[in-house]
Structures are given as C-alpha cells and as structure tokens.
Amino acid sequence: MALLDPPRTGPPPVVSLAARQVRRRTGGIRPARVFDLVGAGIAALCVAWLVFGRVAALSGPLGFVVVAFVVFVVVHAVLVSLHEDRIATRDAIMTTLLSAFGFVAFGVLALVVGFTLWRGRSALVHSNFYTQDMSKAGPLAPLTVGGAGHAVVGTLWMIGIALVLSVPLGLVCAVYLDQSRTRFARLVRTIVEAMTALPTILAGLFIYAAWILTLGYQQSGLAAALALSIMMLPYMIRTSDLVLRLVPQSLREASDALGAPTWRTVWHVVLPTARSGLTTAVILATARGIGEASPVLLTAGFTSYLNLDPVHGPMVSLPLLALELVASGQPSYVARGFGCAALLLLVILTLFAVARIIGGYGPGRQSPRQQRRAARASARDVARYAAQGGVR
Amino acid sequence: MADLAMALDTPVRPAQTPRRIAPVRNTGDRIFFAGTRLGAIAVVGVIGCVGTFLAVRAAPALAVAKLHFLTTQAWEPDIHDFGVAGVLSGTVLIALVALIVATPISLGLALFISEIAPEKVRRVLISLVDLMAAVPSVVYALWGLEFFEGRVVGVARWLATWAGWFPLFHVHSATTDSSLGTATTYSASIFVVGLVVSLMVMPIQCSVMREAFSQAPLGEREGAYALGGSRWGMITSVVLPFGRGGIVGGTMLGLGRALGETIVVYLIISSSYGINWHILQSGGNSISSLIALQHGDADSFGIAALMAAGLTLFALTLVVNLVASAIISRSRSGAQSEV
C-alpha cells in the first residue's frame, strides 16, 4: 500500500523536443521505492538483531519491534533523501508512519481474534458444548460434560426480543429524522447521537430501576432484552439515518413530481432504495447487542440451568456466561469461558460476512441477482407485447 | 393538479409578491407524519426516562450523603459512609490513559484508510474497523486478562524505573528497591485497564475521523497537488483543517465510551475505593465496575447508593457526548448527497 507513488515534486525533467516523447508513468510502483523499502527493512532487522543479541543486554519481542521500527524509519528517510528533495522525503516518512499505525491497529485486531479462537478451540470441539447446560458441570468436570447450550438459547431469546422492539421503533425514528427539517428533529438527532455512547451498564441499571424495582417484575430474559433494546435503539437510529441520507435527492424529487404523497415516496422509493443499507444497519446493531454483557449482568440474573421461558426465571447469555466463567478462575471454567467468547466471535464474524455480502452495493445499485431478475422481468414484458402484437 | 390549474387561471397582478408554497398533505400523509413524530417522541421519552428513573431511585441515598457523596473515598452504604471520589477519579484516569493512547493511533489509522490505502482495499479496511468496534467488550476483557496483562508488566516496570519522577508514574515500592517490586505490583492497574480500553475506543474515534476526512473537497485536494504539494503536504493543508471538527468530536465520543466501559474494568482491575493517582500501581476502580461488582449483595439502600453513582456517570457522559455530537454535527454541513 505504501508502495504507491506519491505525486512527483520538484522541477520536471528536461526533455529535448527532438527526442521521441515517452509517456510518463504516473502510477504504479517505481523500482527505487522498492529498493529503499527493502534496504531499510534489512538494515532495521540487522541492527535490532545486533543490539539485542550481541551488544546490549536487552530482551523481549516488544523492544525488538520498537528498535527495528525506529531504525527502519531513520534508514528509510536517509535512503529516500539521497535521490529526492526535502518535501518528498518528509512525505515518505509520514507515509511510513501512517502505514505503521494501520498495521499496528489491524495487527492487534488479529491478535485479539486469533487468541480468543485459539484458547476457545479446546471447548468448541466437543458437541456437548452446544447442547448441554452447566448444571452437571462442576469445577473439576472434564470438557466432555456440560456446555453453553442454555446460554445460546438465552442469547437467541434476548436478541430476538430486543430486535422486535428496537428495529421498528428505530426505523420510524430514522424516517422522521430523514423527512423532517424542524428544530425538534435536530434535537432528536443530537440526543440520539449522544446516546450511542451511553454507558451500556446504565441501560441495565435503568431497566433494573424501572422494570424490576418499580414495576416489581423479576430478573428474566425479557428484562435483559429490554435493556439490550435500549442500548441498541440509538445505534440503530444513527446507522439507518446515515443510510437514508445516501438516497439520492433526485429520486425523491422524481417521485414528488409524479404527484406521490410523502408516505408513498418513503414506502416505494426511499426505503427500497436503502434496503441493503438498512439490512446492514440491522445486522450491525445485532452484532453490537449480541456481545454486550453489562446490561444483561444486572437484569438477567445468572443460572446454570436451561431456561426456555424468557418471562419467568433467570436466564443467561453467552457474553455473561463467558464473563462469569473466566471470573471464577477455575482452569476448566476459564477454558469454557473462552469457548463461549470464541463462539460469540464466530457468530459476529458470520454476521459481518453476511452484512458485507448484502451491503456490498451502494443505494440504487443492483446485485447480479437483482440484475438477472430485472432482465427476466423485461424479457417477460417483451414477450407479452409481442403476443399482443404491439411491438414493431 | 387542481392547484396548478387555479394558479394558471388567476390574472397576473401588477405588484407581484412571492407565492406562498404550503405543502398539501392528504390524510395518508397526515397519519404518516403524526406516526413518525410519535416514534421520535417515544425515543426521546425513553431516553429521558433513563435519567429520571436513576434520579428518583438515587434520591434516598443522596438525601443521606448530601455533598459528601462527591468527596468521600469509601463505599460502605451499610454504615452510610459512601462516595464517588475514588471511583470517579479512577473512571477519569482510565479514560485519560485510553484517550492518550488511542487518539494518535486512530488519527493515523483514519488518515491511512482515507488517504493512503488504495481504493480497492479501503472498503475492506472500513469494515475491519467496524468489526473492531463490534468485537464484544467481554472478548477484549478476556484477552486483556489472559494475554495482555502479563506481557505489559515489563513496559510498566520500565516506565516506573525511567519515568518514576513523573508523579503519575510513581510506584511506592520502587523508591529504594532496585528490583522495583514484584509483578503483582504492576498488574491489575489503571494503566493496564486503560490500554485495553484504548483498543475499544480506537475504532469509534477512527470511524468518526475517517468520515470527516473523506468529505474534504476534491477540488481543494487537487489544488494542493497542482501547487506542487506532496501527499503529506496535501493532508496537512487540506484534509486536517477540514476534518478538525471530526477529530475533536471523535475524540470526545471516544472519551464518552471510555468513561462508561464496564466489563474490562470489572474483570481486570483489583478493586479499591480510595483515590489512586499512581496509575502503574495495582488498584483502582470505575463507577460502572463499582455497579457491576456491588449490585449482587446490596440491600435497598445499597441499590439507591449505586443508582446515585450511576446518575453521576450518566451526567458525566451525557455532557461529554452532547458536546461531542454538537461538534460533529456542526462540522457535517452539506452532508446530503446530490446526484
């Protein structure tokens, strides 16, 4: 990525008019740039190896990487400055630094995901992990007994109820924000945006105060679902608001010009155009809600038994079970906890893959399947006209 | 249609005044607008209820503790000795550590994605950042507890040795002893928690900043190139000034998120209720983790005290987030797409 050529600076090369004009390459990778990068890389590795292995008594992979990186940046800057001017050298240094930020961030992501999946593998390979609950699995029980089946059921109930509550309300509110230009709409947008960063434990605390203490219900899957939907609602509204904004104004105006009332424009033009984006918004909100443990911590209670009834009795979700199992500190429980976390990560990765397949097309752009469907429809129309003898 | 015909029929008056355009709404539209407005009011109502219920439930505890609630460094609701001074300072310190680490990285990452990464890779990178934001906090917490904490002790020890003169980095047992205490001196500290929280804050900051950067006008970018600027020159003279609102707003949104993080603090930190300024040293707490730790064995007065703590957190994050979203929305003028 960093290999892409920055725009040339400095005076243009002197070309005699008589010479055959050669088209200058503006893009692509120049050999000099590759030599600089490779040379600096080799130099950095060698210096770091020397410092760590031979000269100084330093140790640790982190220090090695830091030393190697610093040497790399310096050597690369010197190499570039041999054949470029000061501005281009500074550009090369900054490009290296910014790319390094990218590698650090995505490297940490890979580390987090990889470590969790790796530690979770020992629990995930047993089929009883998906079907049994923890009622018979004591701290010393092997991984072939007991599992997280009750947490899977609980997660499904909670996220299902939370979606039923938050998606329609969120969509209605997003449509309102999209259609209305009043001061109240601006206020709503500001509040919703501020609420996307509401500490999730406060959603749980609110449901605890309102639903359990004031209305007198017990801790249950339903209470946890209410807390989750309060947490997901602002997120749902914000993402669908962004998606609805991308619907081209010209499409709405075309519908208006045909005399359609606003609700028909919204129902037949705005929402279908934004369909893929809205689906993505729902999936992303699901991914957010499914992994949240803190609202559930206060509202769902905790149980090691399978509970199929979301209204009565305590229920447990995957993130909550992972948290409690790891917090207990027992080695077999920690392994099961990592199993729960890995399962959760796999679900979220799947949701993201689905979101990317569905949302891979911008508003108004058709997927290959939609294109084939449209082509079939017009072929049918042609056949119909031909049958009527209307097409010359 | 009828309006148009009427407008054509009316004779042209000599002194023309601008015609008033009032939207004609039929019954369907009236129902539609009333319905959507009702939805919006319901959303605001629910969000308003959060604050109201917390305040009502916190009242008994606040009536007992009065202003000492903000200055007491203990949490013993049973003997009416409780306050948020310790946990509040812990919350702010954790958020500050997270912010100081996360902001430069997310700024660099946002610039990398919007300016340096090639067009084809960009969409993948954007959804990777989204994925980073959607990785559950419990996964970060487990990673922090089992993988990260043991490996960061060396860094903490190094900081305490060479930067111990800086008050925040001072470690008690490090003063005379050359071995600088055992590993447990440095584990379960505000520093470790802050670093893990910074990973969770980074994607939020990054996506807000990237959105602001990608809206820097193309004409001015090309103008900078045409004047002979390098890419970095273009970034400093066009992209960064244009995205300033996004940088500030994104940072503050990240601050709001860092203040409220529960699970990581709950699982990693060794909890204490006094003010601990020595961030490298074990011990500390945050408001959200206090709630998660204490709700299980609290009586009704203890719950009221926890509600009061929650109310403090609510007020703190609300102020931070409102300022952040006001800054972001002011910088997002003309964000409508016109095709």
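This passage looks at how chains A and B meet in a predicted model. Residues are numbered from 1 along each chain as its sequence is written, chains are lettered from A in the order in which they are written, and local features need pLDDT of at least 70, side-chain atom pairs pLDDT 80 or more, while totals for chains, interfaces and linings use all residues.

The contact (C-beta atoms, placed from the backbone, within 7 Å) draws 86 residues from chain A and 83 residues from chain B. On the chain B side, helix α2 (residues 27-65) supplies the largest share, 18 residues; helices here are DSSP runs of H or I, at least four residues, numbered from the N terminus. That side of chain B breaks down into 51 nonpolar, 24 polar and eight charged residues, with Asp, Glu, Lys and Arg as charged, Ala, Val, Leu, Ile, Met, Phe, Trp, Tyr, Cys and Pro as nonpolar, and the others, Gly among them, as polar.

As for α2(B) itself, a kink of about 50 degrees sits at B:A59, shortly before the proline B:P60; the bend is the angle between axes fitted to the seven residues ending at a residue and the seven starting there. Just after this helix, B:K66 has a positive phi of about 50 degrees.

Elsewhere, the axes of α3 of chain A (residues 86-124) and α5 of chain B (residues 137-162) come within 10 Å and cross at roughly 80 degrees, the axes being lines fitted to C-alpha atoms over the stretch in contact, with angles from 0 to 180 degrees between N-to-C directions. Among the residues making this contact are A:F115 and A:R119 of α3(A), and B:W143 and B:E146 of α5(B). By class, the α3(A)–α5(B) contact has seven nonpolar, one polar and two charged residues.

Technical notes
Two residues are in contact if their C-beta atoms, placed from the backbone, lie within 7 Å. Helices (H or I, at least four residues) and strands (E, at least two) are DSSP runs, numbered from the N terminus.
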